[in-house]
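Welcome! Here is a short tour for someone meeting this structure for the first time. Have a look at it below, and then we will go through its helices and its ligand.

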Amino acid sequence: MRHAAAPTAAAAPDPRAAGILVPLLVGCLVAVLLGVYGSLHEPTGFSINIIGFSTGAYAKAWLATLAALLGVVQVLSARIMYSRHGAPAWISTLHRWSGRVAVLLTVPVVVHCLFALGFGTYSTRVLVHSLLGCVFYGAFVAKMLSLTRRGLPNWALPVFGGLVFTALIVVWLTSAVWLFGAKGLHT
Ligand code: HEM
């Protein structure tokens, strides 16, 4: 005769989980504020360019591509830092600097997106791009705030870091990759 499996004890809630509330709330606030600003502000439509690029859109697309590549460096270096064997000191330096440079590269791009283009809803791609662009900065702020907070659950940083990376890749796919596919891969 088969017996029903004994009920397992419910997992106790992690008391440290409450510590992520502040980074999470501030991150959500940043994302919402960017979205509200992008929606309420009348897009100015101004264009920018960098010498060597055919148009400002291509300059933005290549800056976003560099940021996405550095995002991959972020994930790979984080993976090594979290491995059981530990990581050499230069890996955490690489992680910190690739992250800083990646975010800095997105700043001129997002300033143009927000000021000149605004929160676009005219197609699913553009809506997803605008939403995830806001989520990217919200998740980035949440991750930065988590770095300096003590007593957070171990999963907090990888979760926020994963969200920053995922948002960046989706933003890149819905802008730079789309542009390269539609208008050609050149500078
Ligand atoms: C990580 C942040 C972001 C990056 C790297 C990024 C990157 C780009 C790139 C490369 C383009 C294509 C070039 C162009 O059309 O000018 C673009 C277009 C655009 N971006 Fe962003 N963006 C970001 C955030 C945002 C945000 C926060 C918004 C609005 C709230 C936004 C709204 C738009 C819109 C409406 C377009 C035009 C899309 C089209 O019509 O094809 N972007 N973005």
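In this predicted model, α2 and α5 meet in a left-handed crossing. Their axes lie 9 Å apart and make an angle of about 150°. Angles over 145 degrees count as roughly antiparallel. The two helices α2 and α5 are therefore roughly antiparallel to each other.

Which residues make this contact? From α2 come Ala57, Ala61, Ala64, Thr65, Ala67, Ala68, Gly71, Gln74, Val75 and Ala78, while α5 brings Gly161, Phe165, Leu168, Ile169, Trp172, Ser175, Ala176, Leu179 and Phe180. Sorted by class, the contact of α2 with α5 holds 14 nonpolar and five polar residues, and no charged ones.

Next, follow α5 to another partner, α4. The axes of α4 and α5 come within 8 Å and cross at roughly 150°, so this pair is roughly antiparallel. Here, too, the crossing is left-handed. The contact of α4 with α5 has 17 nonpolar, six polar and two charged residues.

Now for the ligand. How many residues surround the ligand? There are 26 of them, and the closest are Gly38, Cys113, Gly120, Gly133 and Ser175. Five helices give two or more residues each to this shell, as listed here:

| Helix | Residue range |
|---|---|
| α1 | residues 21–40 |
| α2 | residues 56–81 |
| α3 | residues 89–117 |
| α4 | residues 124–147 |
| α5 | residues 156–183 |

By class, the shell around the ligand is made up of 17 nonpolar, eight polar and one charged residues. Ser175, one of the closest residues to the ligand, is also part of the contact between α2 and α5.

Technical notes
Residues are numbered from 1 along each chain as its sequence is written. This is a predicted model: local features need pLDDT of at least 70, side-chain atom pairs count only at pLDDT 80 or more; totals for chains, interfaces and linings use all residues. A residue is near a molecule or strand if its C-beta atom, placed from the backbone, lies within 6 Å of it. Helices (H or I, at least four residues) and strands (E, at least two) are DSSP runs, numbered from the N terminus. Ala, Val, Leu, Ile, Met, Phe, Trp, Tyr, Cys and Pro count as nonpolar, Asp, Glu, Lys and Arg as charged, and the others, Gly among them, as polar. Axes are lines fitted to C-alpha atoms, for helices over the stretch in contact, and angles run from 0 to 180 degrees between N-to-C directions. Angles under 35 degrees count as roughly parallel, over 145 as roughly antiparallel, 65 to 115 as roughly perpendicular and the rest as oblique. A crossing is left-handed if the near helix is turned anticlockwise from the far one by less than a right angle, and right-handed if clockwise. Two residues are in contact if their C-beta atoms, placed from the backbone, lie within 7 Å.
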